[in-house]
Every structure is written in structure tokens, then in C-alpha cells.
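This report addresses the surroundings of a ligand and the packing of two helices. The sequence and the structure are shown first.

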Amino acid sequence: MVWRLLTSPYSNLLQRSSGCGRHDYGGWKRVRVALRHITSFCRAGSAGILPPILARVLIDITHDDVVNEESDESQTSSQDTFAYLPIPQTTMFSRNLKKLARNPILGARRHHGQGNGGLPTHFTLNSGDKIPSVGLGVWRAGKGEVGGAVKAALNAGYRHIDGAWIYRNEEEVGKALKDSGVARDQIWLTSKLWNSFHAPEDVEATLDDSLLKLGTDYLDLYLVHWPLALKKGSKKYDKELTDNQYPTWQKLEEMVEKGKIRNIGVSNFTIPKIEALRWNPLKIDPAVNQIELNYWFPQPDMLQWSKETGILLQAYSPLGSVGRVSESLNVPVVKEIAKVLKITPAQVLISWHVQRGTVVPPKSVTPSRIEENVHLTKLPDELFRKLEDAAMSHKPERGLNPSKEWGLDFDIFA
Ligand SMILES: NC(=O)c1ccc[n+]([C@@H]2O[C@H](COP(=O)([O-])OP(=O)(O)OC[C@H]3O[C@@H](n4cnc5c(N)ncnc54)[C@H](OP(=O)(O)O)[C@@H]3O)[C@@H](O)[C@H]2O)c1
């Protein structure tokens, strides 16, 4: 029964209210707690879209299973729930419910293909698509150098490029991809929606611009670059669209339906911001969240939560970004592990990210480093733990926070 519940098309909604992970089969207890919360929510007479949806969900799921099969406490609990649920207006939502949770049983599963030094070559997204675990980051890869970097990466075996509209180098990336002769369907291409184009009516045009520049008719992944919407032609932010990302997300869902994007995700979103988005009746759950993750800022709670939620993390600035690379590569424990395993410090850090279960897009325009960065080595458990402990033992230090630079009167990560 629990299996049926957690693999039902409604599992997303239940997880959101219960906080239990897809693979947490002991989570039934928390589902029950969630039922009680929903009951009190409904008792309190709260308006909004969620109660009717959940009411329908609970009816559908519990009708045969809980009431008939579960005994004692849970039966009482479910009957108790039924007693208070407001049923009206649920029909319309129930018709759409199955569509709401695309691929409900899939989380971001790990360990697909142990072909790269014993570490996964790919991770599987909640859509079922497989994303290469290492990609080439192209932020700050300038004009005249990014094309060469992409070519070097493809030659070294990369099949994943992490770009963005705002990096202003998509045209050169696209040309390098075309010149390489590597088939489009062999390459994973990510781009990102810039802050100026969150208004639903602007999304498709900027996406088309990226597609045109990259010389492709679809993206494998499109991310909301920041949880920040700027007003048209202005550096001021649009409070309404910033506080509520759902209209932008709906437009992205439409782009998936149109075939212009295969997967959608977010970047620089905190847990509350993802939760706020996911409280809406999403047709498509975010597949990934691309955030800063490195030795200085390892974010263990976010990592744990994302695993439980089935959202794959992508570790940006994996080497500490330009300002801290050299310091990262000189961390004593990193150097020690490199020496023991006879690999380079950069390879230790990149392997560590993949071993933590995150996608890594190290940036380089230097062919020898590009080659170096794609070769992984699984760290033996005790060395992995040692590095994890070291990363956790200092005060977390975020490297990138543009809130002040952008003149915001709030912290984008608050
Ligand atoms: N979503 C977001 O908001 C966001 C924010 C930041 C980054 N990102 C993504 O994440 C990617 C990576 O992050 P990042 O560019 O900030 O930082 P990073 O990958 O941690 O560091 C890049 C720096 O490391 C150097 N480097 C790379 N490999 C090296 C090696 N093996 N040995 C020594 N130095 C090495 C590069 O130099 P050379 O290039 O000179 O070789 C470059 O200066 C970006 O390119 C972008 O795609 C996304």
C-alpha cells in the first residue's frame, strides 16, 4: 500500500506536504502526519488551490487502500481526515491530476554507468533523461576562446556544455558544436533564462534567441538562472514576478510541450523558493537546481533535501571559481588525497562532487585542464569522508552573491 502511495501520480503532492522522500518507504508515518495537517488546514477554512487538489488525491488514494486495508490508528486517521475535507470543486482538478505529476516514480537516481573511474558517467533526471555527470562550464569563457574550449572538450570526451544567454557567447559555442561534427543528439546542451525575460510574454523570444545562436532547435535543459525578475528595460526588480515564479514556470512548461526544451530546472534557488514554486500545481517538477557547491560552500542540508526531493543538484563554481581555484587546489586534505591516488587536486575535487551525487560543470579554456577535469576517480570511502569532513569543518563561505551589485534591497539567498 505504501508502495502504491509513493509511486502513485500523487506522490509529488504528498511528498510536498509530508516532507518525505520518494525512497523513504518508512515515510508513511509522515504522510499520515501530512493528512492531519491538511485536515487542519481545511478545517481552518483556508482558501486556495491546494486543499481541493489534495482532497481529491486523498479520496482517490485512500478510498480503496487506507480505509479497507489499513487497520487501527491509520484507519482512524484517514476516516478522521475524510470527516473534515471539503470535497466541492475537486472534479476539475482531479481530471488534470494525472497530468500534473509527470514521471511520478522517478527521482534523480544515481550511479548510472560506472564508466568514469568508478563514478557515474550520467545521472538520471526526474524526467527519465540521462545527463552527463561532467560538463564544460562556459561562464567567463570569452569571445575567441570559448569555441576552442568547446572543441577541446568534445575531443576530450565531454558531451555536456553548461551555458547561458547572459554569458554572451552562445553564437561561438554553437559554431564550435556545428564544426565538431558531433551529432546534436549526442550532446547535452543547457542554457538559462536571464532575469530580464521572466515575463511570460518574453520567455519564448529569448529562448528562441538562444536556440538560434546555438544552432539547434531544442535544449536539453533550460534553467531559470536566478529567482529574480527584472522589470522590462530596467535594472529594478519586478516584485510580483520575483515573489511568484509560477507564471514564468508555466511558460517554460509550455516550451517543453512545444518541444523547444526537454527539461526545465532552476538555479540559485533556496529550499523555500523551490517549495514555494512547487506548491503550485506544476505539470513538470524542476529537474535540477544549479547552485554554488564547492569545498568552501558544501551545502550538506541542501544536498540531502534535494536527494530526498528528487531534484538533481548541479555544482557551479566547483573549484571555487576564478578567485579561489588556487586556494582550493592547495587545501591540505585535497593535496593529500591527490598524492595517495596519484591524481591532480582538481580531479580530486571534481570526483568528490560526482561522488556526492551532483553534476559538475568545471569551466576552463585551457585544453590541458579541460582534458584533466573530465577524468574522474572514485575516492575510497575513508578519503571521501575525510574530504567531506574537512569541507564541513570550516565556516561556510559563499563565493557568489550579486544582491548588492544588482542594487537589491534584499539578499537573493535569504
Ligand atoms: N547558475 C549560475 O548562476 C552559475 C554561477 C557560476 C557558475 N556557473 C556555471 O558553472 C561553471 C563553473 O563555475 P566557475 O566558472 O564559476 O568556476 P570553476 O569551474 O570553479 O573555476 C573556473 C576557474 O578554474 C580554472 N581551472 C579550471 N580547471 C582547472 C584545473 N584543472 N587546474 C587549475 N585551474 C583550473 C579556470 O581557468 P582557465 O579557464 O584559465 O583554465 C577558471 O579560472 C561556469 O562556467 C558556469 O557554467 C553557473
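A residue is near a molecule if its C-beta atom, placed from the backbone, lies within 6 Å of it. Of the 28 residues around the ligand, those that come nearest are Gly137, Trp139, Leu319, Ala346 and Lys363. Two elements, helix 14 (321–329) and helix 17 (367–373), give two or more residues to this shell. Helices (H or I, at least four residues) and strands (E, at least two) are DSSP runs, numbered from the N terminus.

The model is predicted: local features need pLDDT of at least 70, side-chain atom pairs count only at pLDDT 80 or more, and totals for chains, interfaces and linings use all residues. Residues are numbered from 1 along each chain as its sequence is written.

Helix 7 (residues 146–156) packs with helix 8 (residues 170–180) at an angle of about 40 degrees, their axes being 8 Å apart. Axes are lines fitted to C-alpha atoms, for helices over the stretch in contact, and angles run from 0 to 180 degrees between N-to-C directions. In contact (C-beta atoms, placed from the backbone, within 7 Å) are Val146, Gly147, Val150, Lys151 and Leu154 of helix 7 with Glu172, Val173, Lys175, Ala176, Leu177 and Ser180 of helix 8.

The composition of both sets is tabulated with Ala, Val, Leu, Ile, Met, Phe, Trp, Tyr, Cys and Pro as nonpolar, Asp, Glu, Lys and Arg as charged, and the others, Gly among them, as polar.

| Set | Nonpolar | Polar | Charged |
|---|---|---|---|
| Contact of helix 7 with helix 8 | six residues | two residues | three residues |
| Shell around the ligand | twelve residues | eleven residues | five residues |

Just after helix 8, Gly181 has a positive phi of about 80 degrees.

Key. Contact = placed C-beta atoms within 7 Å.
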